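Hi,

Here is the structure I promised to pass on to you. Have a look at it first, and then read on for what I found in it.

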Amino acid sequence: MAARRPAGGGLMEPAIDTSKPHSARVYDYYLGGKDNFAADRETAQQAMQSWRAVRTAVRENRAFLGRAVRYLVGEAGIRQFLDIGTGLPSANNVHEVAQAAAPESRIVYVDNDPIVLAHARALLNSAPEGRTAYIDADLRQPESILASSAVAQTLDLSQPVALMLVAILHFLVDADDPAAIVGRLLGALPAGSYLVASHVTPEHDPAGVGGLERAYRQGGIPAQARTADDFEALAFADLEMIDPGVVLVSEWRCPDGPRPLPAEVNWYGGIGRKSV
């Protein structure tokens, strides 16, 4: 799974607990990054023993994110992004993709990992015409995100916004009532806004994904894979789906060429538009 796990927020940089894995650092390990520790690597390696193609999956998810942002800027005319669960800086962050096409784009990043907070300056390197901001906050507390001064100073919530929940909803279990969280965030956005979301599924490799879930839970990271139908009902209820709808991330408006097998990807994604 990805680097997008919700947790606590605050203005001061929290201490980094290297004894426990964190989803952002596990994801960083999958991508070949260096911002991870022994506990993160142990969880990642256990997960990879079960789902051997997980590195293929995270690369496909990252590519989906880039294509989604390019669609939103180039075809939908979006210039504002609220990216919750941004993870560690990597290639083609949301603001880099958006501002390459529309330098005036504005982005607010939300995450909780102390290392992400330490790298926030890299994320804040906006184009002069645009703006970026970072919030250390908890997806399970949408009100604190929406009430943040960084959101108020960076985004105009009377104008359409793209809400990015890419590879984070599978870190919310049913007891968290994720549909209510998504609904609260979307409820604060005007008509013409969009939701981009992706989610790990057990449909194509139940044993492999099930082993990954267990590895994460044993490390103290909540995890719940969902079917395509459950994901769509959770994330996109009452939204107008953008073609091709909810599909494997490797299939969402992907250029022609070879594709990995569904059992290698195990990850759905889609974009919905709020029409009213």
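**Strand β4 and its neighbours**

Strand β4 is covered on both faces: Ala-162, Met-164 and Val-166 lie on one side, Leu-163 and Leu-165 on the other, and all of them are buried. With 5 of its 5 residues buried, β4 is largely enclosed by the rest of the structure. Please keep in mind that this is a predicted model.

The alternation you will see along the strand follows a general pattern. In a regular strand, side chains alternate between the two faces of the sheet.

On one side, β4 is joined to strand β5 (residues 194-200) by 5 bridges, and the two run parallel. Leu-165 has Ala-197 as its bridge partner in β5. The connection between these strands has a clear handedness: β4, helix α9 (residues 178-187) and β5 form a right-handed β-α-β unit.

**Strand β1**

β4 (residues 162-166) also pairs with β1, through 3 bridges and again in parallel. Here Phe-81 is matched with Ala-162 of β4. A further 5 bridges link β1 to strand β2 (residues 106-111), and this pair is parallel too. Within β2, Tyr-109 is the residue opposite Asp-83.

How many residues of β1 (residues 80-84) are buried? The count is 5 of 5, so to speak a mostly covered strand. Gln-80, Leu-82 and Ile-84 point one way from β1, while Phe-81 and Asp-83 point the other way, and all are buried.

**The nonpolar core**

Phe-81 turns up again when you look at the packing. The largest nonpolar core holds 91 residues, and Tyr-30 and Phe-81 are those with the most contacts inside it. Helix α3 (residues 54-74) contributes the most to this core, giving 10 residues.

**Helix α1**

Tyr-30 brings us to helix α1 (residues 23-30), which is mostly covered, with 8 of its 8 residues buried. Besides Tyr-30, the buried residues of α1 include Arg-25 and Asp-28, as well as Ser-23, Ala-24, Val-26, Tyr-27 and Tyr-29. What do the buried residues of α1 pack against? Their partners are α2 (38-50), α3, α5 (114-118) and α10 (206-218). Just after α1, you will find Gly-32 with a positive phi of about 85°.

**The protein as a whole**

Stepping back, the protein has 12 helices and 8 strands. Its C-alpha atoms fill a box of roughly 45 × 40 × 35 Å along the principal axes. The radius of gyration is 17 Å, which agrees with the value near 19 Å that a compact globule of 276 residues would have.

Of the 276 residues, 57% count as buried. The exposed surface comes to about 11,100 Å², and carbon and sulfur atoms supply 49% of that. As for the contacts, take those between residues at least 6 apart in sequence: 76% of them join residues at least 24 apart.

If you open the model with one place in mind, I would suggest Phe-81: this residue is buried in β1, has Ala-162 of β4 as its bridge partner, and is one of the residues with the most contacts inside the largest nonpolar core.

Happy browsing, and best wishes

Terms used: Residues numbered from 1 in each chain as written. Predicted model: local features only at pLDDT ≥ 70, side-chain atom pairs only at ≥ 80, totals over all residues. Heavy atoms only, no water. Core = buried A, V, L, I, M, F, W, Y, C linked by side-chain atoms within 4.5 Å. Buried < 20%, exposed > 50% of the residue type's maximum accessible area, 1.4 Å probe, protein only. Helix = DSSP H or I, 4+ residues; strand = E, 2+ residues; numbered from the N terminus. Pairing = 2+ DSSP bridges. Rg over C-alpha atoms; globule rule 2.2 N^0.38 Å. Contact = heavy atoms within 4.5 Å. Areas by Shrake-Rupley, 256 points an atom, 1.4 Å probe, with all protein chains shown as cover. Right-handed = clockwise from strand over helix to strand, strands pointing away.
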